[in-house]
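Hello,

Here is the structure I promised to pass on. Please have a look, and my notes follow below.

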Amino acid sequence: MCGIVGIIDFQNKDVCRKTLFNMGDAIVSRGPDDDGYFFSDFVGLGHKRLSIIDLETGHQPIASSDKRYTLVFNGEIYNYLEIKQRLQKQGHVFKTASDAEVLLTLFALKGAACLDELNGMFAFAVWDEKNKSLFLARDRMGKKPLYYFQTKGVFVFGSELKALLKNPLIEKDVDPLALKNFFTYEYVPAPLSIIKNVNKLQQASFLTVNRHSVSLKRYWSPPAGSTSKDSFEQASRNVYNLLNNAVSSRLISDVPLGVFLSGGIDSSAIVSMMANHYHTKDIKTFAVNFEEKSYDESRHSSLVAKHFQTDHYEETLSAKKMLTILPDVMGYVDEPFADPSILPTYLLSRFTKNQVTVALGGDGGDELFAGYPTFFANRLANEIQRLPGFVKRSLNAIAKALPVSNKNMSFDFKLRQFLMGLDYDGVFRHQVWLSGISPLGQQQLFHPAFSQNAKETNAFHLITEEMKRCPSSCLDDQLLYFYQKFYL
């Protein structure tokens, strides 16, 4: 993890250095190892570095050999060695061993088309000194964040919202529409942010900024679904090879690596793939246990660690410890965020840092392979909808009569959520299942004046607009598209 910041002010040739330094200092936790700044006519760029590849010469900002382009980059390009070898055959000479220099060289050659060749997670900005323009891009799945603000010839960007709030041009006014969307999605989805007039660059998109305009384009979307005629056995081998190659490419590092091991299928598969490339005793695995047994999965993670004989570490999260770390967590979260897993994830990251700098995780498996219970619930919902109305009314009566439990994913909770979604179809049903507050609940919660101020009356407006881009009419494909675009 690194952090990037920048200011472009076409009204003044001298960008305020103090403001840019303050913006960079606000995200020093993203890059505690090194920092650097670049200033030229109309522009200032900053970088906070967490050193992972090329510890000695990977300093940023980095300029092209002709000084036309200057790059600040957060992330990692997994296929940079293959790209570098191809460019070297074409006569290009590299002064560093970093993926940042490879990215910059590729951009200088191809511009926005370079994004088609990148396999990685990234948010980066390139200043073009000749054309006095800025290019910003975000990776396909949106793993690396990027916020921006624009007004009257000024453009400001940064990896975190707290960096932008150090710029005096940005007022700290809450966006009512963003807040309303938070109650639907349990986070603030792009392109919105919780601060009015500040946006998040959407995944798989890039911005081009010059004196006259700011243009936004999307360069990739998930494919429509498989048209493969392969057998199940051949498809299984293909998935295995893809996952093995994905893990292998993420093991390129000049610092120690580990893996977050929950004991579920996703993270366990990653440990298995790492074992193809490392001696298992050199693999460090990390897990968080819970005092509350309904949340605890330590038995599974311990079994996996024991099976592969990894160097395994565990930390226990208790109610008392949760209250202790909560202020720290709130200091890192810039926007409302209602997923409680951030607490164990923070604890896991904190004690993992004592051993390694980089850790692999299993996020994304359920979205790609339809692993959530909601996919099974959808089949049951389709069957119940065929039954007489009194069946649903009876289920509602049972749900209301059940005592509330504080156990993780208790039966009463699942039944209430399940019934709440029956009135909706397709992807909207799934969003209701995933939401903390249904559209009906929001109507009861919001004051009419707030709803009017938020302007958008349809709680699912963003989903409706995004699903128009889904290239498939098959509901199963649409669900996978929806989960990748919103829940993931």
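To start with a question: how many residues of each class, nonpolar, polar and charged, are in the lining of the second largest pocket? There are seven nonpolar, five polar and five charged residues. Ala, Val, Leu, Ile, Met, Phe, Trp, Tyr, Cys and Pro count as nonpolar, Asp, Glu, Lys and Arg as charged, and the others, Gly among them, as polar.

Please keep in mind that this is a predicted model, where local features need pLDDT of at least 70 and side-chain atom pairs pLDDT 80 or more, while totals for chains, interfaces and linings use all residues. Residues are numbered from 1 along each chain as its sequence is written, and side-chain values use heavy atoms, without hydrogens or water.

H3 (99-110) provides five residues of that pocket's lining, the largest share, and strand E4 (62-63) supplies at least two. Helices (H or I, at least four residues) and strands (E, at least two) are DSSP runs, numbered from the N terminus. In total, the chain has 19 helices and 16 strands.

One residue to look up is Thr19, in helix H1 (residues 17-25). Thr19 has 11% relative accessibility and therefore counts as buried (under 20% relative accessible area, with exposed over 50% and partly exposed in between; 1.4 Å probe, protein chains only). Leaving out residues up to four places away in sequence, Thr19 touches Ile7, Lys166, Asn167 and Pro168, with contact meaning heavy atoms within 4.5 Å. Across the chain, 45% of the 488 residues count as buried.

Best wishes
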